[in-house]
Amino acid sequence: PRLVHSYHHAISGFAARLTSEEVRAIESMEGFLMARPSRTLKLSTTYTPRFLGLDRQSGLWVDSFMGSGVIIGVVDSGITPNHASFMDDGTMPPKPPKWKGSCRFSNKTLCNNKLIGAIAFRGARRPSPNDAKKDGHGTHVAGIAAGSFVDNADVLGLARGTASGIAPKAHLAIYKACSIGSCSNADIVAAIEEAIKNGVDILSLSLGQKSLPFYDDDMMIATLSAIRAKIFVCMAAGNSGPYRKSVENGAPWILTIGASTHDRRVSATVKLGNGVEVEGESGYQPSTFNGTGNIIFPGFGGQNGTLGCKKNSFNNTNVKGKIVLCTIYEGTYRDMSINVKNAGGVGMIVLDTSVQGATTLSYDYVLPTAHVNVTMARKIVNYLKISNSTATATIAFNGTKFGARPSPTISYFSSRGPHPYNGGIIKPDILGPGVNILSAWPVRPGPNPNGPPGSYFNFDSGTSMATPHLAGIATLLKNTHKNWSTAAIRSAIMTTANRFDLDGNPISDDYKEHANRANATDMGSGQVNPVAVIDPGLIYDINPEQYIQYLCGLGYNDTQTSIVAGNSVQCSVVGSIAPENLNYPSISISLDPSKTKFIKRTLTNVGDANEVYNIAVEEPKGINVVVSPSSIQFSQIGQEKNITLEFSSKGMPLNQGNILDGQLKLDSGKHFVRSPISITIL
């Protein structure tokens, strides 16, 4: 009865409730490798198909049959099964013959040709796979990946249009391993194990934990098993930005996804008593609000109370009938609105600091709210300082607007590299839309969740939302190129990405409000471009067994390598690959300025049979990069060619720890293949 999970596919081992004495006794048994306590992980918490360039009449959606026949496994907090996004509208193909999963709702008719299976894991129990009513994280994520077309979708009347997932004809298999906000790694591994057995094609995991060495991270071990079973794995980079070395899920066998903004805003205006108007956002825009009041900023500049609009922030303050200024310190933006409402406030203005910079969020607040960027926030605070207790404001709502600029940008919360344990490989790999994303939701959003049952939608933000966008795009690619490896799919996504925004400028960072352009450790290869991804010309392929050699190249001993591999490995027999020589679609090295370093890459032709690529480099500042040969000629599809890159210092002063960016560009006139270069100075 104390055995919780027994694993056969995802990892070589089991989960059980044991005392430390029992574990010590097991350690002496033959075949024992490692024991570790269970860990808790957190969930990384539409218009975007059109923003990304997906079109119902042409291009990737048409060529890929919208993902028809591909199975996306979503490991998350469950799903809301009777939502219109997960109904079969009569155009879904039947379940693929290879599907071996089950439908564990008490009412089996909730599964259909769209939602083909659902199962939940909580220790040894198998509870209902339904998503929690309070937090529809799993429902939202599944809708982004593969929600069906739903006409007249909106959030409380805002952003109305036809909602759809990125792969609207793909099948969904749901693995509930999380309750509200948290998950146990033993349950996540059990979910991945089940997904491998069931025959899914794509796995989407919008969850993570602080980075660990891979031999100490069950999720990275289980995802390598999935890759070896030919399953493409997408994972969130995490929401701990803008801080360096915060990226999660950094193994080179998965696609690690950061979050970008798009150009739709759900607009709210704050009119100050001095006549100044500042623009913000809100996902709750009541038509009957008469939103004028005195403004109060609890805890700021000698005022009573404490900053952050927490439950206890309003002691010795009177916020009744007032518009309350809030900066976020903990909890969620929506929770701040609940606290303000409970204290008697009539409105809330969320003020960005330089950390949040330009990112504004359109949550379904429970009272009239405007979320403003740091420049607008400074105007409001300056006005408050001058006029003090006589300061007033009005919140007015303007509905949905398009064409915001700059766009896309990287959101402040998107976790940043470098990854501390992967040998320097650039992570995240790619950006996908992850700010104010409209998708399916279990209950009515806003202040009255007890509305009539129906198919509701809500806005949510996080690398959690970016991840299923990429799972959907990988699904479309898998249908278009059925024989491609997981590494080929990732290569196509990365080498065709955009590093420029819609106006042709380098993608900028919302942190400090676009003062800086995003670099490779922020955004990887850049913003996903589904229009180009279908035809990359060349790919960087990797055989999954090379990941084992890479682990040896990280310096792992035979025991550590065997733990990740799930079978006995001797590095002296299989050989090793240095991380910078793994055939990855981005290039990252560490360089001693007094030395020259050589690395190699192998390119496989998937474009036209006869094609010549000229090779150019945008050199990182102060670094010579020589590529040989300077052009490569292909004469058939599937042909491979090797290139060598030589790095050396130009002799100008280079500071230890500096990270310098460049680009490797291969151009045939028809195809353009780009890899970011990141050099860390030793």
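**Disulfides and strand pairing in a predicted model**

A search of the whole structure, a predicted model, finds 4 disulfides.

Biologist: Why do Cys 103 and Cys 111 count as a disulfide?

Modeller: Their sulfur atoms are 2.2 Å apart, and the cut-off is within 2.5 Å, so the pair qualifies. The link of Cys 103 and Cys 111 is right-handed, with 90 degrees about the S-S bond.

Biologist: Why is Cys 103 called buried?

Modeller: Cys 103 has a relative accessible area of 13%, and buried means under 20%, so the word applies. Cys 111, at 13% relative accessibility, also counts as buried.

Biologist: What makes the disulfide of Cys 309 and Cys 326 left-handed or right-handed?

Modeller: The torsion about the S-S bond is about -85 degrees, so the disulfide of Cys 309 and Cys 326 is left-handed. Cys 309 lies in the loop between strand S17 and strand S18, and Cys 326 in strand S18, so the pair ties together parts that are 17 residues apart in sequence.

Biologist: Why is there no bond between Cys 234 and Cys 178?

Modeller: The sulfur of Cys 178 is the closest cysteine sulfur to that of Cys 234, but the distance is 17 Å. A disulfide requires sulfur atoms within 2.5 Å, so this pair is excluded.

Biologist: Why are strands S27 and S31 said to pair?

Modeller: S27 (residues 597-605) and S31 (residues 640-649) share 8 bridges in the antiparallel sense. Pairing requires at least two bridges, so the condition is met. Phe 598 has Glu 646 in S31 as its bridge partner.

Note on methods. Residues are numbered from 1 along each chain as its sequence is written. This is a predicted model: local features need pLDDT of at least 70, side-chain atom pairs count only at pLDDT 80 or more; totals for chains, interfaces and linings use all residues. Side-chain values use heavy atoms; hydrogens and water are left out. Helices (H or I, at least four residues) and strands (E, at least two) are DSSP runs, numbered from the N terminus. Buried means under 20% relative accessible area, exposed over 50%, partly exposed in between (1.4 Å probe, protein chains only).
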